[in-house]
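Here are some short exercises to work through with the viewer open. Try each task yourself before you read its solution.

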2 protein chains.
Amino acid sequence: MRDMEAPVKDARPRDREATRQRLLSAARALFAEHGYEQVTVRQIAAAADANIALVGRYFGSKAGLFGAVLAGEPTVLQVIDGDPEGLVHRLAEYAAARMHADPESPILRSVERSAGDPEIRALVRERLHSTVVAKLSEQLDGPDVAARARMATAVFLGVGLIRRLIGPIEATPADVRRLTAVFEACLAEEPDN
Amino acid sequence: MRDMEAPVKDARPRDREATRQRLLSAARALFAEHGYEQVTVRQIAAAADANIALVGRYFGSKAGLFGAVLAGEPTVLQVIDGDPEGLVHRLAEYAAARMHADPESPILRSVERSAGDPEIRALVRERLHSTVVAKLSEQLDGPDVAARARMATAVFLGVGLIRRLIGPIEATPADVRRLTAVFEACLAEEPDN
DNA sequence: GGGACGAGTATACGCTCGTTTACTAGCCGC
DNA sequence: GCGGCTAGTAAACGAGCGTATACTCGTCCC
């Protein structure tokens with residue numbers, strides 16, 4: 001009973017694609033939670049149990065990795081698609097969920113935190129527009145479609161931001177009703193007041 | 001006509017308080033525009049035309065300087081005080097102004113950008129609560145006062161964030177009307193839907 | 001007028017960052 | 001079985017950061 005095949009640290013098969021995916025998903029989680037600038041490539045590599053240099057090799061740079069994360073996201077929020085009838089309610093439910101903890105939407109999360117580098121900002125802006133604002137606009141009729149979609153998006157961002165700042169908030173049924181009214185006001189063709 | 005009293009670089013009188021104020025106002029402008037982490041003490045010192053070491057001497061540290069900036073702000077947003085009747089409209093006007101460019105409110109601006117350091121986050125959170133959420137709550141009646149104030153604050157944050165991301169937006173009269181409706185929905189005692 | 005206090009300065013320290021380079025070692029075709 | 005391609009590694013680089021130290025020099029009191 002010697003140490004034949006007793007590798008305490010089990011060797012992982014050398015698999016380029018698998019390693020790439022580990023880095024990608026580690027980066028997705030960390031960027032989503034903390035934002036671009038707050039996450040270091042060393043953290044990402046450690047979380048992915050990979051070597052630092054592989055970030056450079058597989059994605060060119062930290063910014064490249066971030067771009068790959070954004071590009072790999074599902075292109076549409078599930079909540080936006082579907083019948084326009086229940087849209088505002090779905091939006092409200094989703095925003096309420098965001099008050100407590102972020103559902104899986106790294107794009108929105110990234111926006112709240114990633115700001116400094118202009119290159120990164122451009123990436124995020126493009127992505128936010130194409131996946132949220134544009135998709136939301138498609139569901140709307142009437143004038144000022146872009147402005148209305150943008151305002152609803154702003155509410156999403158604000159809710160996420162305040163949660164991140166003051167901590168998780170338990171969304172009550174009254175909160176959901178209020179959010180529904182808020183999104184209705186955001187998306188209304190002509191505000192009534 | 002020799003170089004008697006011809007100092008090309010005019011000497012500034014040595015004035016501790018004046019220098020402190022220059023640093024403070026330079027820091028206020030830079031933090032507000034770019035957020036805490038994106039601004040270096042070297043930038044602040046350069047903008048204030050002062051030496052780097054003076055930041056440490058007068059404020060202890062970069063975080064101390066940031067705290068001084070927050071503390072030096074007028075404690076209440078003008079828009080919140082006043083008759084509760086026109087509150088939502090004043091909020092809407094203010095938010096609309098934020099869509100185009102930030103009015104003087106470093107607190108809100110800081111929130112959008114300053115996230116990483118827990119110490120800084122605590123500072124911002126405390127300040128945001130005492131100057132915005134709490135003050136707004138005072139103007140409200142009925143249940144869920146804090147939740148309603150928080151939601152209105154979230155809209156502020158979101159509007160500022162999206163402006164910072166996609167650039168200045170010209171707020172139309174329709175935007176103002178929409179924002180008024182949004183704030184009404186945020187602050188309503190019981191949402192009607 | 002001379003000395004001391006303090007505003008302002010120059011510079012360096014220690015650290016962390018993203019990135020790069022030179023190397024090691026596993027696998028596959030021959 | 002072995003040479004070469006390549007996934008993976010270790011270490012270092014240069015830059016930038018916040019901060020600390022040792023200094024210069026203007027100003028004011030005696």
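The exercises below go from the pairing of the chains to a helix, the core and the DNA.

This is a predicted model, in which local features need pLDDT of at least 70, side-chain atom pairs count only at pLDDT 80 or more, and totals for chains, interfaces and linings use all residues. Residues are numbered from 1 along each chain as its sequence is written, and chains are lettered from A and ligands numbered from 1 in the order in which they are written.

**Exercise 1.** Find the turn and shift that lay chain B on chain A.

*Solution.* Start by superposing the copies by least squares on the C-alpha atoms of residues with pLDDT of at least 70 in both. A turn of 180° with a shift of 0.0 Å along the axis lays chain B on chain A, with an RMSD of 0.1 Å. This is the relation of a two-fold axis. Within chain B, the C-alpha nearest that axis belongs to B:Gly158, at 1.9 Å.

**Exercise 2.** Describe the side of chain B that touches chain A.

*Solution.* Count contacts first: two residues qualify if their C-beta atoms, placed from the backbone, lie within 7 Å. Chain B gives 41 residues and chain A gives 41 residues. Next, look for helices (DSSP runs of H or I, at least four residues, numbered from the N terminus). In chain B, α6 (106–113), α7 (118–138), α8 (145–166) and α9 (173–187) each give two or more residues, and α8(B) has the largest share, 14 residues. Finally, 100% of the interface residues of chain B are also interface residues in chain A, so the copies meet through the same surface.

**Exercise 3.** Work out whether α8(A) is largely enclosed or not.

*Solution.* Call a residue buried if 20 or more other C-beta atoms, placed from the backbone, lie within 10 Å of its own. Of the 22 residues of α8(A), 18 are buried, so the helix is largely enclosed by the rest of the structure. Just after α8(A) comes A:Gly167, with a positive phi near 100°.

**Exercise 4.** List the contacts of A:Val155, leaving aside its neighbours within four places in sequence.

*Solution.* In its own chain, A:Val155 touches A:Ala95, A:Val182, A:Phe183 and A:Cys186. Across in chain B, the partners are B:Ala154, B:Val155 and B:Gly158.

**Exercise 5.** Which residues are closest to DNA strand C?

*Solution.* Take residues whose C-beta atom, placed from the backbone, lies within 6 Å of the strand. There are 20 around DNA strand C, and the closest are A:Thr40, A:Gly56, A:Ser61, B:Thr19 and B:Ala53.

Methods:
A residue is buried if 20 or more other C-beta atoms lie within 10 Å of its own, exposed if 12 or fewer, and partly exposed in between; C-beta atoms are placed from the backbone.
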